[in-house]
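Here are my notes for your first look at this model. Have the structure open while you go through the points.

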Amino acid sequence: MHRSPRLLGAGVHTAAPGKDYPSHAHTSWELVYYVRGRITCPAGDETYAATPGTVLLTPPNTWHAEQSRTGYANRFVQVDAATTHPWPRRCYDDTDHTLRRVFDALVRETDTDLRTILLAELDLRLRRAAAPPPTPAEQLIAQAEQLFEERFATGLRIADVADDLGISTSGLRAAFARLRGTSPQAALQAVRLRHALAHIRNSTLPLQAVAELTGYHSVSHLSRHVKAATGSAPGALRITEARP
């Protein structure tokens, strides 16, 4: 079990062309996001090329340096975590600059609780970056699940999803069975049910409106699925959960 990372410090570093940062080591992790410039970074037994959007993660007690010919700017975060913490040594930001947003927020934020939340977000995103890339089948399932979330209220059929993804309906069913242990129809119904229960519990919308908003054919269709999942009809569920 890895202990939770603990923030030790965060800041900004800029350097002019030719101003290298000499070889050094820390007793904590150093996470560096490069904002500007082109830098060569020897770290331990490896040497990394960094450009804007590159994140380099150096474990404790690892000698590393920054060699610049262009001038550069970075955001750095010092983190107390186990040497074996499951982070990559290098990863790259996405087109939405998600990692830069978190690094910038950690540098600016002074509230301890908010910094803890931001570090937890950064930890999660870096763990994901270290994970093996998804297989084609996993990507297919993720795309199908995204379509379920976007179009659950439209009378979406599994055949429509398969067509959009360029796969046969039987192939989509086989992929869900292997990777999710369920059927695509059951996964779609789970999305509809989740949204329907949220409306029932958190609104005063008539059940007919709830059914229409969540892709059920009728109130009886909605009621059947809600009762199967909760043991209560929608009206009874709403009354029960409204009691103080």
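**Notes on the predicted model**

1. Let's start with the overall dimensions. If the 244 residues formed a compact globule, the radius of gyration would be near 18 Å, but the protein chain comes in at 25 Å. Keep in mind that this is a predicted model. Measured out along its principal axes, the C-alpha trace covers about 70 × 50 × 35 Å.

2. Next, what the chain is built from. You'll find nine helices and nine strands in it. Among contacts with a separation of 6 or more, 69% join residues that sit 24 or more positions apart.

3. How much of the chain is buried? Buried residues make up 39% of the 244. The chain exposes about 13,600 Å², and carbon and sulfur atoms supply 53% of that area.

4. Now zoom in on Thr 62, which sits in the loop between β6 (54-58) and β7 (64-68). Is Thr 62 buried or exposed? Its relative accessibility is 14%, and buried means under 20%, so Thr 62 counts as buried.

5. Stay with Thr 62 and look at who is around it. A polar atom of the Thr 62 side chain lies 3.2 Å from the backbone oxygen of Pro 59. Setting aside neighbours within four places in sequence, Thr 62 is in contact with His 24, Ala 25, Ala 43, Gly 44 and Arg 89.

6. On to the charged pairs. The count of salt bridges comes to 11. One of them joins Asp 80 and Arg 6, with the closest N and O atoms 3.3 Å apart. This pair links distant parts of the chain: Asp 80 belongs to strand β8 (residues 72-80) and Arg 6 to strand β1 (residues 6-15), 74 residues apart. Arg 6 has a relative accessibility of 47%, so it counts as partly exposed.

7. For a pair within one helix, try Glu 121 and Arg 125. Their salt bridge has its closest N and O atoms 3.0 Å apart. Both residues lie in helix α2 (residues 112-130), four residues apart, which is about one turn of the helix. Glu 121 is partly exposed because its relative accessible area is 22%, and Arg 125 is partly exposed because its value is 31%.

8. Two further items on salt bridges. Arg 157 pairs with Asp 160, and the closest N and O atoms there are 3.0 Å apart. With a relative accessible area of 23%, Asp 160 is partly exposed. Elsewhere, Arg 75, Arg 100 and Asp 104 are linked in a network of salt bridges.

9. Last stop: Leu 179, in helix α5 (residues 169-179). Which residues does Leu 179 contact, leaving aside neighbours within four places in sequence? They are Ala 137, Glu 138 and Ile 141. Leu 179 has a relative accessible area of 27%, so it is partly exposed. Try finding Asp 20 from here: the C-alpha atoms of Leu 179 and Asp 20 are separated by 48 Å, and the two residues are 159 residues apart along the chain.

How values were computed:
Residues are numbered from 1 along each chain as its sequence is written. This is a predicted model: local features need pLDDT of at least 70, side-chain atom pairs count only at pLDDT 80 or more; totals for chains, interfaces and linings use all residues. Side-chain values use heavy atoms; hydrogens and water are left out. Helices (H or I, at least four residues) and strands (E, at least two) are DSSP runs, numbered from the N terminus. Buried means under 20% relative accessible area, exposed over 50%, partly exposed in between (1.4 Å probe, protein chains only). A polar contact is a pair of N or O atoms within 3.5 Å; within protein, one must be able to donate a hydrogen and the other to accept it, and residues adjacent in sequence count only if both atoms are side-chain atoms. Contact means heavy atoms within 4.5 Å. A salt bridge is a side-chain nitrogen of Lys or Arg within 4 Å of a carboxyl oxygen of Asp or Glu. The radius of gyration is taken over C-alpha atoms; the globule rule is 2.2 Å times the number of residues to the power 0.38. Accessible areas come from the Shrake-Rupley method with a 1.4 Å probe; for residues, only the protein chains shown count as cover.
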